[in-house]
Amino acid sequence: MKSTYFTLIDDELRPLVQSIEAHIGSEIIIDIDDSRINKLACEVDKCGAKILIPESGFFPNESVFHELLHISRFCLYETPRIVVCESYNDWTPELETGFTSLDNSIEHFIIVPEECIQFRNRISYWKDKTNNAIDIFYTLRVTNDDRERLALIHWAFSKHVIQDAELTKKADALVEELKIKDRTVPFLDEITQYLDEKEKLVKVFFKHLRLPLEAGCLEYLDCKNTQSHEKPLTEVCL
């Protein structure tokens, strides 16, 4: 990471940057993406990692920590991420984007609690973010199946991660209106059972969100050796 950005982050975050870069043998790239508005993102592949920022100098510690947690899981600990299997015949760009979004949501069940321990103010950030996601829920142009999937994810995230009575009540009303309340508790029970086992956790999401299992593969990145390999979800046992 360029020194101009490395010096902007707190001392507590710098060892994480150094451990990631030492492991992958290259620096974390910082790129400006002016299409972003007041938020960061990261991109990771077998060749390394980058953090996208909306403008020069925009590098808030809380957001940087969030992206570093994503990067460390994929690059440092080789946690798998969801991709569409090459053998799947019905590949579409929308499916690929959907799997990427789903994987990000799954990662947040692990990352956000850690983030909120490090920065206590982030719990209100994630509460507001989830609250807004539910507010705009019915404006989304998605299929009924996707609407149910989003509602289940919002409900589980509200219940397990945010744990706010007001937000939980709002999420409860959402799943009740969609008549999928009976699917919520079994979903969350299995999520909590496999939080430390990403392979099984992904399969839980596919099962409860009723996604085609044969479409999903798990990609493992070896950023140190610029390699990757995939494993079909059909080979994962619960």
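**Notebook: a buried isoleucine, a helix pair and a covered strand**

I began with Ile111, which I found in helix α4, spanning residues 93-118. I note at the outset that the model is a predicted one.

**Entry 1: Ile111 and its surroundings**

I asked whether Ile111 is buried or exposed. Its relative accessible area is 1%, under the 20% cut-off, so I recorded Ile111 as buried. I then looked up which residues Ile111 touches, leaving aside those up to four places away in sequence. They are His66, Leu69, His70 and Arg73. I also checked Leu68, which is 43 residues from Ile111 along the chain; the C-alpha atoms of the two are separated by 9.9 Å.

**Entry 2: Helix α3**

I turned next to helix α3, which covers residues 61-76. Of its 16 residues, 15 are buried, so I describe α3 as largely enclosed by the rest of the structure. Just after α3, I noted that Glu78 has a positive phi of about 55°.

**Entry 3: Helices α6 and α7**

I looked up how α6 (residues 144-162) and α7 (residues 165-177) are placed relative to each other. Their axes come within 9 Å and cross at roughly 155°. An angle over 145 degrees counts as roughly antiparallel, and I therefore entered α6 and α7 as such. The crossing of α6 past α7 is left-handed. On the α6 side, I listed Ala151, Trp155, Ser158, Lys159 and Ile162 as making the contact. On the α7 side, the contact is made by Leu167, Thr168, Ala171, Asp172, Leu174 and Val175. Sorted by class, I have seven nonpolar, two polar and two charged residues in this contact.

**Entry 4: Strand β5 and its partners**

I asked how many residues of strand β5 (residues 216-222) are buried. The result is seven of seven, and I recorded the strand as mostly covered. In a regular strand, side chains alternate between the two faces of the sheet. I therefore examined each side of β5 and found both faces covered. Gly216, Leu218, Tyr220 and Asp222 are buried on one side, and Cys217, Glu219 and Leu221 are buried on the other.

I then looked up which strands pair with β5. Strand β4 (residues 81-84) pairs with β5 in the antiparallel sense over four bridges; here I noted Val83 opposite Cys217. Strand β6 (residues 227-232) also runs antiparallel to β5, and six bridges join the two. In this pairing, Leu218 stands opposite Lys231. The hairpin of β5 and β6 has four residues between its strands, and in it I found Thr226 with a positive phi near 50°.

Definitions and conventions: Residues numbered from 1 in each chain as written. Predicted model: local features only at pLDDT ≥ 70, side-chain atom pairs only at ≥ 80, totals over all residues. Heavy atoms only, no water. Axes fitted to C-alpha atoms, helices over the stretch in contact; angles between N-to-C directions. Parallel < 35°, antiparallel > 145°, perpendicular 65-115°, else oblique. Left-handed = near helix turned anticlockwise from the far one by under 90°. Contact = heavy atoms within 4.5 Å. Nonpolar A, V, L, I, M, F, W, Y, C, P; charged D, E, K, R; others polar. Buried < 20%, exposed > 50% of the residue type's maximum accessible area, 1.4 Å probe, protein only. Pairing = 2+ DSSP bridges.
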